[in-house]
Amino acid sequence: MLSLAANPTGGTAPLTTTLTATATAPSGQSITDYAWDFGDNSAISHGATPRSASHSYPRKGTFTARVTVTYTSGETRSLNLTIPAT
């Protein structure tokens with residue numbers, strides 16, 4: 001299971017939001033990486049434990065944030081969330 005939420009879900013630029021992923025690893029596995037792509041051409045951030053990530057969108061636009069979770073088997077799961085900065 002994987003879910004993704006933002007707080008706030010959108011707003012006026014410059015917008016700072018916190019993305020939070022909730023992931024459950026398949027039986028007998030663990031999570032080895034969370035990869036955060038904020039959808040604005042910024043660097044993708046990685047880590048084994050950062051279940052949440054804050055990001056600032058300095059300009060107006062509609063951005064597609066994406067988290068990709070990697071398990072010990074190498075299997076990945078991804079989820080997208082649209083972030084409007086008006």
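**Exercise 1. A loop residue and its neighbours**

Which residues does Ala-25 touch, not counting residues up to four places away in sequence?

*Solution.* The model is predicted, so read what follows as features of a predicted model. Start with the place in the chain. Ala-25 lies in the loop between S2 and S3. Next, list the contacts. Leaving out residues up to four places away in sequence, Ala-25 touches Ser-30, Ile-31 and Tyr-71. Take Tyr-71 from that list. Ala-25 and Tyr-71 are 46 residues apart in sequence, and their C-alpha atoms are 6.7 Å apart in space. Last, check accessibility. Ala-25 has a relative accessible area of 25%, so it is partly exposed.

**Exercise 2. Another residue of that loop**

Decide whether Ser-27 counts as buried or exposed.

*Solution.* Ser-27 lies in the loop between S2 and S3. Exposed means over 50% relative accessible area. Ser-27 has 76% relative accessibility, so it counts as exposed. Now add a distance. Ser-27 and Ser-3 are 24 residues apart along the chain, and 18 Å separates their C-alpha atoms.

**Exercise 3. How far to trust the model**

Find the strand where confidence is lowest and the strand where it is highest.

*Solution.* Begin with the whole protein. The average pLDDT is 96, and 100% of the residues score at least 70. Then go to the strands. Confidence is lowest in strand S4 (residues 45–47), with a mean of 92. Confidence is highest in strand S7 (residues 76–85), at 98.

**Exercise 4. The three-stranded sheet**

Give the strand order of the open sheet of three strands, and name its edge strands.

*Solution.* The order is S1-S2-S5, and the pairing is antiparallel. The edges are strand S1 (2–7) and strand S5 (52–57), each of which pairs on one side only. From one strand to the next, the twist averages 25°.

Now take the pairs in turn. S1 joins strand S2 (residues 15–23) over six bridges, in the antiparallel sense. Leu-2 has Ala-23 in S2 as its bridge partner. S2 and S5 also pair in the antiparallel sense, over six bridges. Here Thr-18 has Ser-54 in S5 as its bridge partner.

Finish with the faces of S5. In a regular strand, side chains alternate between the two faces of the sheet. On S5, the covered face holds Ala-53, His-55 and Tyr-57. The uncovered face holds Ser-52, Ser-54 and Ser-56.

**Exercise 5. The four-stranded sheet**

Work out why one side of S4 and one side of S7 are left without a neighbour in the sheet.

*Solution.* First, the order. Four strands form an open sheet, S4-S3-S6-S7, with antiparallel pairing. S4 and S7 stand at its edges with a single partner strand each, so one side of each has no neighbour in the sheet. The twist averages 15° from one strand to the next.

Second, the bridges. S3 and S6 run antiparallel and are joined by six. Two of the partners in S6 are Arg-66, opposite Asp-37, and Thr-70, opposite Asp-33. S6 and S7 pair in the antiparallel sense over ten bridges. Thr-62 stands opposite Pro-84 in S7.

Third, the turn. The hairpin of S6 and S7 has four residues between the strands, and Gly-74 there takes a positive phi near 95°.

**Exercise 6. The nonpolar core**

Which element gives the most residues to the largest nonpolar core?

*Solution.* The largest nonpolar core has 20 residues. Leu-19, Tyr-34, Trp-36, Val-67 and Val-69 have the most contacts inside it. Two or more residues come from each of S1, S2, strand S3 (31–37), S5, strand S6 (61–71) and S7. S6 gives the most, with five residues.

Look closer at Leu-19. Not counting residues up to four places away in sequence, its contacts include Leu-4, Trp-36, Ala-53, Ala-65 and Leu-81.

**Exercise 7. An aromatic pair**

Classify the pair formed by the rings of Tyr-57 and Phe-63.

*Solution.* Aromatic pairs are described by the distance of the centres and the angle of the planes. The count comes to one aromatic pair. The centres of the Tyr-57 and Phe-63 rings are 4.6 Å apart and the planes are at 25°, so the pair is stacked. The cut-off for stacked planes is under 30 degrees. Both Tyr-57 and Phe-63 are buried.

Key:
Residues numbered from 1 in each chain as written. Predicted model: local features only at pLDDT ≥ 70, side-chain atom pairs only at ≥ 80, totals over all residues. Heavy atoms only, no water. Pairing = 2+ DSSP bridges. Axes fitted to C-alpha atoms, helices over the stretch in contact; angles between N-to-C directions. pLDDT = per-residue confidence, 0-100. Buried < 20%, exposed > 50% of the residue type's maximum accessible area, 1.4 Å probe, protein only. Phe/Tyr/Trp six-rings, centres within 6.5 Å; stacked < 30°, edge-to-face > 60°. Core = buried A, V, L, I, M, F, W, Y, C linked by side-chain atoms within 4.5 Å. Contact = heavy atoms within 4.5 Å.
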